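Colleague: I should like to learn how to read a structure that is new to me. May we proceed feature by feature?

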Amino acid sequence: MYTNPNAATEKIDSLLRGHPERFRITTRLTIVQFELLAAWLDENTSLRGSRFVTAKAKLAIFLYIVGHGTTYRGASIHWELNIERIGTFFHQVLAALLCLAERNIVMYNEEESPPVARQIRGEV
């Protein structure tokens, strides 16, 4: 299969300039949410672009796979990249998102009761 090393970056740039609904369908995020997530990952993780693929394109590939439940093969056809690169990008973004989870998800202490919304307890 022919692969264009710049195709993913060109595609994400086109999506970011295009209609917001088309972007949301592809990534399952709004453009604003995507930009904020990409900026956070850039500032707080080691996720960086490579020679031909930007960090935003890597993030979009990851979101496409997760959001559509597609295979690496399906993503490689959609983004015009070989399967090995798709897998590498997926795992790079996954590692960066694990950093996001470690910083933002806090487990409650066993002595404390877990936080429960008021409407669940019937206090509304």
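Colleague: Which residues does A55 touch, not counting residues up to four places away in sequence?

Modeller: Please bear in mind throughout that this is a predicted model. Once residues up to four places away in sequence are set aside, A55 touches L47, R48 and G49. A55 itself has its place in helix α4.

Colleague: Is A55 buried or partly exposed?

Modeller: The reading rests on relative accessible area: under 20% is buried, over 50% is exposed, and partly exposed lies in between. A55 has 23% relative accessibility, so A55 counts as partly exposed. One further value places A55 in space: its C-alpha atom is separated by 9.0 Å from that of F89, although A55 and F89 are 34 residues apart along the chain.

Colleague: Let us step back to the whole chain. How many helices and strands does the protein have?

Modeller: The protein has seven helices and zero strands. Read along the sequence, the pattern is therefore written α-α-α-α-α-α-α.

Colleague: What share of the residues is buried, and what share of the contacts links distant parts of the sequence?

Modeller: Of the 124 residues, 31% count as buried. Among contacts with a separation of 6 or more, 57% are accounted for by residues 24 or more positions apart. As for the surface, the protein exposes about 8,100 Å², and carbon and sulfur atoms supply 55% of that area.

Colleague: How does one describe the packing of two helices?

Modeller: Two packed helices are described by the angle between their axes and the distance between the axes. In this model, helix α1 (residues 7-17) and helix α3 (residues 31-44) pack at an angle of about 130°, with their axes 10 Å apart. That angle makes α1 oblique to α3. The crossing of these two helices, α1 and α3, is left-handed.

Colleague: Which residues meet where α1 packs with α3?

Modeller: From α1 come I12, L15 and L16, and they meet I31, F34 and E35 of α3. By class, the residues of this contact of α1 with α3 divide into five nonpolar, no polar and one charged.

Colleague: At what angle do the axes of α3 and α4 cross?

Modeller: The axes of α3 and helix α4 (residues 55-68) cross at roughly 120° and come within 10 Å. Here too the description is oblique, for α3 relative to α4. The handedness of this crossing, in which α3 passes α4, is right-handed. On the α3 side the contact is made by F34, E35, L37, A38 and L41, and on the α4 side by K56, L59, A60 and L63. The residues of the contact of α3 with α4 divide into seven nonpolar, no polar and two charged.

Colleague: F34 and E35 seem to recur.

Modeller: Indeed, F34 and E35 of α3 meet residues of α1, and F34 and E35 also take part in the contact of α3 with α4.

Colleague: How should I read a buried residue, and where is T27 placed?

Modeller: One asks for the position, the accessibility and the contacts in turn. T27 has its place in helix α2 (residues 20-27). Its relative accessibility is 1%, so T27 counts as buried. Leaving aside neighbours within four places in sequence, T27 is in contact with A60 and L63. Both A60 and L63 also belong to the α4 side of the contact with α3.

Colleague: What is the relative accessible area of I86?

Modeller: I86 has a relative accessible area of 0% and is therefore buried. I86 lies in helix α6. Beyond its neighbours within four places in sequence, I86 is in contact with I61, I65, Y72, A75, S76, W79 and L81. For one of these, Y72, the C-alpha to C-alpha distance from I86 is 6.2 Å, with their places 14 residues apart in sequence.

Colleague: Finally, which backbone angle deserves attention, and what is phi of R28 near?

Modeller: Phi of R28 is near 65°, a positive value in a residue other than glycine. R28 has its place in the loop between α2 and α3, and R28 is partly exposed, with a relative accessible area of 41%.

Colleague: Where is E80 found, and what is its phi near?

Modeller: E80 is found in the loop between α5 (72-79) and α6 (83-104). Phi of E80 is near 60°, again positive in a residue other than glycine. With a relative accessible area of 34%, E80 is partly exposed.

Note on methods:
Residues numbered from 1 in each chain as written. Predicted model: local features only at pLDDT ≥ 70, side-chain atom pairs only at ≥ 80, totals over all residues. Heavy atoms only, no water. Axes fitted to C-alpha atoms, helices over the stretch in contact; angles between N-to-C directions. Helix = DSSP H or I, 4+ residues; strand = E, 2+ residues; numbered from the N terminus. Parallel < 35°, antiparallel > 145°, perpendicular 65-115°, else oblique. Left-handed = near helix turned anticlockwise from the far one by under 90°. Contact = heavy atoms within 4.5 Å. Nonpolar A, V, L, I, M, F, W, Y, C, P; charged D, E, K, R; others polar. Buried < 20%, exposed > 50% of the residue type's maximum accessible area, 1.4 Å probe, protein only. Areas by Shrake-Rupley, 256 points an atom, 1.4 Å probe, with all protein chains shown as cover.
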